[in-house]
Amino acid sequence: MICAIETTHREYDSLLRSTVVGANRIRDAFHRSPLRGRRNTPLALFAAGTRLLQACILLLCANAAFALPQHAAVPGGIAIVTLGEHNSAPQAYYLGKRVMVVQEGGQWQAVVGIPLSAKPGRHTLRLQPHGARDRSVTFTVSAKRYEEQHLQVPPRMVNPSPEDQRRIARDLKLGAEAYRTFLPAAVVATRFILPVEGRYSSPFGLRRFFNKEPRNPHSGIDLAAPTGTPIRAPAAGRVIATGDLYYNGNTVFLDHGQGLITMYCHMDSIAVQTGDAIEAGQSLGTVGATGRVTGPHLHWSVSLNDARVDPLLFLAPEIVAQLQP
Ligand SMILES: [Zn+2]
């Protein structure tokens, strides 16, 4: 979990829970005090105040425990860019999109999603500090070559009918709106659990050809598992869209805050509704084979500032090590 900048309604519930935990600690600290029940002498008030301060520090430390995603400044990766010391969180923009800004070690850091289409070289973040002039911060994107994949699929999936094309256009609009969501959030979970116990069947970034025709690169990872296998939310969030999409089948979008959006596709069943607040590990539905697929699996995409990035960058190294063939 990471501490960040602003508080919104969508984070209100989790903050409220934190506040309740904190209040309980403060109450417990008071009840444990040997001075409880005595008169409010200056010494007693000082001791109680010290207890309260300790409880507050404990609460802050608990909320400050987090792990940033892995820094990998390549197309389809993530750049962790140090923004320096500011009294409050500066707003940062990349390619015209607002990016996640979090605090670590007294420094503000931008967590920037780099699109697969990005060219290697110097890239610029536009920074808007509070009460100061705008400035730029640059970072370098290195080249990365992704593998090719060739698939044979039914011709209708490569050359959809006019009716199907209208449906696909609606699907694209749904996805585009979901991925553009940016809700300022005080707390964002950036260390994920794996949403499905399954076989890692296709990596992120594959350059795909369907019936020898080039298509968009693979914008997520595939986890193959039998139909009906539960899909768990990798972190807390809120459902911002669901639907039955032409290519993606039954689909769920989760918003984790600050432009971090995850998508789950080809589901057999969906167990959540738009607007639901989701806990980490909560069931979203089950693995299936709906949409354009060759077998039951979960397609899982992760997006930062409207750039699809490699989901493995959000997993603990020991989980990634188990996924490698
Ligand atoms: Zn996939």
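**Asparagine 305, the nonpolar core and the strands around S18**

Asparagine 305 lies in the loop that connects S21 to strand S22 (307-309). In this predicted model, asparagine 305 has a positive phi of about 40° although it is not a glycine. The residue counts as buried, because 27 C-beta neighbours lie inside 10 Å, the threshold for burial being 20 or more. Asparagine 305 also belongs to the surroundings of valine 112, whose contacts, once neighbours within four places in sequence are left aside, are Ile78, Ala79, Val81, Tyr94, Val99, Leu125 and Asn305.

Valine 112 leads in turn to the nonpolar interior of the model. The largest nonpolar core comprises 59 residues, and Met100, Ala110, Val112 and Tyr264 are those with the most contacts inside it. Strand S18, spanning residues 260-270, makes the greatest contribution to this core, with seven residues. Because residues are supplied both by domain 2 (78-141) and by domain 3 (148-323), the core lies between these two domains. In soluble globular proteins, nonpolar side chains tend to be buried together. Over the whole chain of 325 residues, 34% are buried; the chain has five helices and 22 strands. Among contacts with a separation of 6 or more, 69% link residues 24 or more positions apart.

The position of S18 was examined further through its pairing partners. Nine of the 11 residues of S18 are buried, and the strand is therefore largely enclosed by the rest of the structure. Strand S17 (residues 249-257) runs antiparallel to S18 and is joined to it by six bridges, with glycine 257 standing opposite leucine 260. The hairpin of S17 and S18 has two residues between the strands, and in this hairpin glutamine 258 takes a positive phi near 55°. S18 also pairs with strand S21 (residues 297-304), again in the antiparallel sense and over six bridges; here serine 303 of S21 is the bridge partner of isoleucine 261. A further antiparallel pairing, with strand S20 (residues 283-287), is made through three bridges, and in this pairing serine 269 stands opposite threonine 286.

Strand S20 also contains glycine 285, which is buried, with 20 other C-beta atoms within 10 Å. When residues up to four places away in sequence are not counted, glycine 285 touches Ile231, Val252, Met267, Ser269, Ile270, Ala271 and Val272. Glycine 285 and glycine 228 are separated by 57 residues in sequence, yet their C-alpha atoms are 8.3 Å apart in space. A further approach between distant parts of the sequence involves threonine 227, found in the loop between strand S14 (221-224) and strand S15 (230-232). Threonine 227 and valine 287 are 60 residues apart in sequence, while the distance in space is 5.1 Å from C-alpha to C-alpha. The contacts of threonine 227, not counting residues up to four places away in sequence, are Asp268, Val287, Gly288, Ala289 and Pro296. With 16 C-beta neighbours inside 10 Å, threonine 227 counts as partly exposed, whereas glycine 285 is buried.

A separate element of the strand architecture is an open sheet formed by four strands in the order S4-S3-S7-S8, with antiparallel pairing. Strand S4 (97-98) and strand S8 (135-141) are the edge strands, each of which pairs on one side only. Two bridges connect S4 with strand S3 (residues 91-94), and the two strands pair in the antiparallel sense; within this pairing, arginine 98 of S4 is the bridge partner of tyrosine 93.

Lysine 212 provides another case of a positive phi in a residue other than glycine, with a value near 70°. This lysine is located in the loop between strand S12 (207-210) and strand S13 (213-214). Lysine 212 is exposed, since 9 other C-beta atoms lie within 10 Å and a residue with 12 or fewer such neighbours is placed in the exposed class. Positive phi values thus occur in the loop residue lysine 212, which is exposed, and in the loop residue asparagine 305, which counts as buried.

Notes. Residues are numbered from 1 along each chain as its sequence is written. This is a predicted model: local features need pLDDT of at least 70, side-chain atom pairs count only at pLDDT 80 or more; totals for chains, interfaces and linings use all residues. A nonpolar core is a set of buried Ala, Val, Leu, Ile, Met, Phe, Trp, Tyr and Cys residues joined through C-beta atoms within 7 Å. Domain bounds come from an automatic or database domain assignment. Two residues are in contact if their C-beta atoms, placed from the backbone, lie within 7 Å. Two strands pair if DSSP finds at least two bridges between them.
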